[in-house]
Each structure stands twice: as C-alpha cells, then as structure tokens.
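Please open the model in your viewer and keep the sequence beside it, so that each selection can be followed in both. The tour goes from one helix to the whole chain, and then on to the ligand and a few loops.

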Amino acid sequence: MAVRLLLASASPRRRELLAQIGIAFDVKPSAFEERMDLALPPEQLVVQNALGKALDVQKRAPAELILGADTVVVFNRRIYGKPAGAADAGRMLGELQGQWHTVYTGIALVEGRRWRVAERATRVKLRAMAPEQIAAYVAGGEPLDKAGSYAIQGLGAALVEQIDGCYSNVVGLSLPLLVNLLAEFDRRVI
Ligand SMILES: Cc1cn([C@H]2C[C@H](O)[C@@H](COP(=O)(O)OP(=O)(O)OP(=O)(O)O)O2)c(=O)[nH]c1=O
C-alpha cells in the first residue's frame, strides 16, 4: 500500500526527511505539552512524547495514519532541549563542546486503535570550540529552535566531529526506524 500519513509535528526538518523518501503527507501540529524531565529514562520519555503528539492529533483526525516524533539531547544525565534564547544556547554549546552526547528520537504511528512506538539513540561528538566560535554560531540564529542548540543538517555540521549511529535520527526522525514501523502497518516505502 502506498504511504500517506499525517505528520503531527511543526518541525520543517521532519517534513524534509519524509519528502526525501517519497512519503506523501499532510501536517497537523499537536498541542500536546511535552514532558522534559528525566524521571523517566530518555528512551521512554521520547516515546511518550511522540505518542502524546500523535494521539492529540488523532482526536481531530480519527481516520488518518498519524506520525508523532520527539527529539532530546542528553549529556551528563541532563536533558538539553530547545534553548530559551541566545544566552541559553551559548550555555548549552559551552557544555557540549568537545564532548560526546546522545540524541534520542522517539517516533509513534497510530491508526484507529492500533499504535506502535520505537526509539533510537545516536551518539554525537562536538568539536572543541572557543567561546567566540560558539558566540558566532549562536548569533547566526540556527540553534534557537533545535534540541541541544545545534543543527547537524545545517552550519552545525561544522561543529560535529563524529557521529555513531543513525544520522536522520539526529535531525529529528530516523528514516530506517520509520520504514520498519510503517511495514508493521502494511505500508511499504519501496
Ligand atoms: C540535535 C538536532 C535537533 N534538531 C531539531 C529536531 C527537532 O525539530 C527539534 C527538537 O524538538 P522536538 O520537540 O522534537 O520537535 P519540534 O518542536 O521541532 O516539533 P513538534 O514538537 O511539533 O514535533 O530539534 C535538528 O534539527 N538538528 C539537530 O542536529
């Protein structure tokens, strides 16, 4: 069956990733309030948030196949979400520079009463950076709506030294994982 879904996300990156593998989709961002604490392990947190987003949109679109996703950056057992502003972005990058951290993305597919979730972790090492380099990157504005305050798919690629695992997972939606999950709903991308 050809793939057509409803993306429960405001993220332009997720749209680009879906388009990359030829998935047809409409967009309906959710009003779900994400949890952002580590009372749960990060693997469970991102899955709960992804499912919460998908189920919230399902209330307004009950007949659709709906995809929700959530991305967090974790370093030193702390969550690095989207920065509150430029100063916060500078602080996050100051802590993450020169270090390995982990990007977790959860995805959820729901259709009627069926639902499936999955998550993946990708390790990323940022280069060691001088405060002026961090300030220049933040001044460009790219970090402001990104978990961890960098975008690996943008200028932020110049900040990344190494990655271990799935690249699209860092951008906000693991395409290999999505293809697996879609197969469970009898949808084939290829
Ligand atoms: C680490 C990293 C994150 N990000 C982005 C992906 C996500 O859009 C964002 C994390 O925030 P999310 O809360 O996962 O997503 P969102 O708020 O953009 O969209 P919605 O809640 O409607 O689904 O950070 C990048 O674009 N590049 C990166 O390298």
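Begin by selecting helix α4 and showing its side chains: the face turned away from its buried side carries the exposed residues E132, A136 and A139. Bear in mind, as you look, that this is a predicted model.

Now keep α4, which spans residues 131–139, and colour I134, Y137 and V138, which are the buried residues to look for in this helix. If you turn the view until you look down the axis of α4, these buried residues fall within an arc of 100°, so they line one face of the helix. The general pattern behind such a view is that an α-helix has 3.6 residues a turn, so residues three or four places apart point the same way. Next add α3, residues 86–96, to the selection, since what covers the buried residues of α4 includes this helix. Before leaving, step just past the end of α4 to G141, where phi takes a positive value of about 90°.

Zoom out to the whole protein chain, where you can trace six helices and seven strands. Followed from the N terminus, the elements come in the order β-α-β-α-β-β-α-β-β-α-β-α-α. The radius of gyration of this chain is 17 Å, close to the 16 Å that the globule rule gives for 190 residues, so the chain is as compact as a globular protein of that length. Measured out along the principal axes, its C-alpha atoms fill a box of roughly 50 × 35 × 25 Å. Of the 190 residues, 38% count as buried, and among contacts between residues at least 6 apart in sequence, 68% join residues at least 24 apart. If you colour by confidence, the mean pLDDT of the chain is 97, with 99% of its residues at 70 or more, while the complex as a whole receives an ipTM of 0.88 and a pTM of 0.95 from the predictor.

Select the ligand next, together with what lies around it. Which residues are the closest to the ligand? They are S9, A10, S11, I152 and G172, out of 24 residues that surround it. Sorted by class, this shell has 11 nonpolar, seven polar and six charged residues. Both β3 (65–75) and α5 (167–171) supply at least two residues of the shell, and β3 gives the most, with four.

From β3, move along the chain to the loop between β3 and β4 (78–80), where you will find N76 and also R77. Phi is near 55° in N76, a positive value in a residue other than glycine, and phi of R77, likewise positive, is near 60°. These values deserve a pause because most residues other than glycine have a negative phi. N76 is exposed, with 9 other C-beta atoms within 10 Å, and R77 also counts as exposed, with 7 C-beta neighbours inside 10 Å.

On the other side of β3 in sequence, select E64, which lies in the loop between α2 (42–58) and β3. Is E64 buried or exposed? E64 is buried, because 20 other C-beta atoms lie within 10 Å, and 20 or more is the cut-off for that class.

Finish at G22, in the loop between α1 (12–20) and β2 (24–27). G22 counts as exposed, with 10 C-beta neighbours inside 10 Å.

Terms used:
Residues numbered from 1 in each chain as written. Predicted model: local features only at pLDDT ≥ 70, side-chain atom pairs only at ≥ 80, totals over all residues. Near = placed C-beta within 6 Å. Nonpolar A, V, L, I, M, F, W, Y, C, P; charged D, E, K, R; others polar. Buried ≥ 20, exposed ≤ 12 C-beta atoms within 10 Å, placed from the backbone. Arc of directions from axis to C-beta. Contact = placed C-beta atoms within 7 Å. Rg over C-alpha atoms; globule rule 2.2 N^0.38 Å. pLDDT = per-residue confidence, 0-100.
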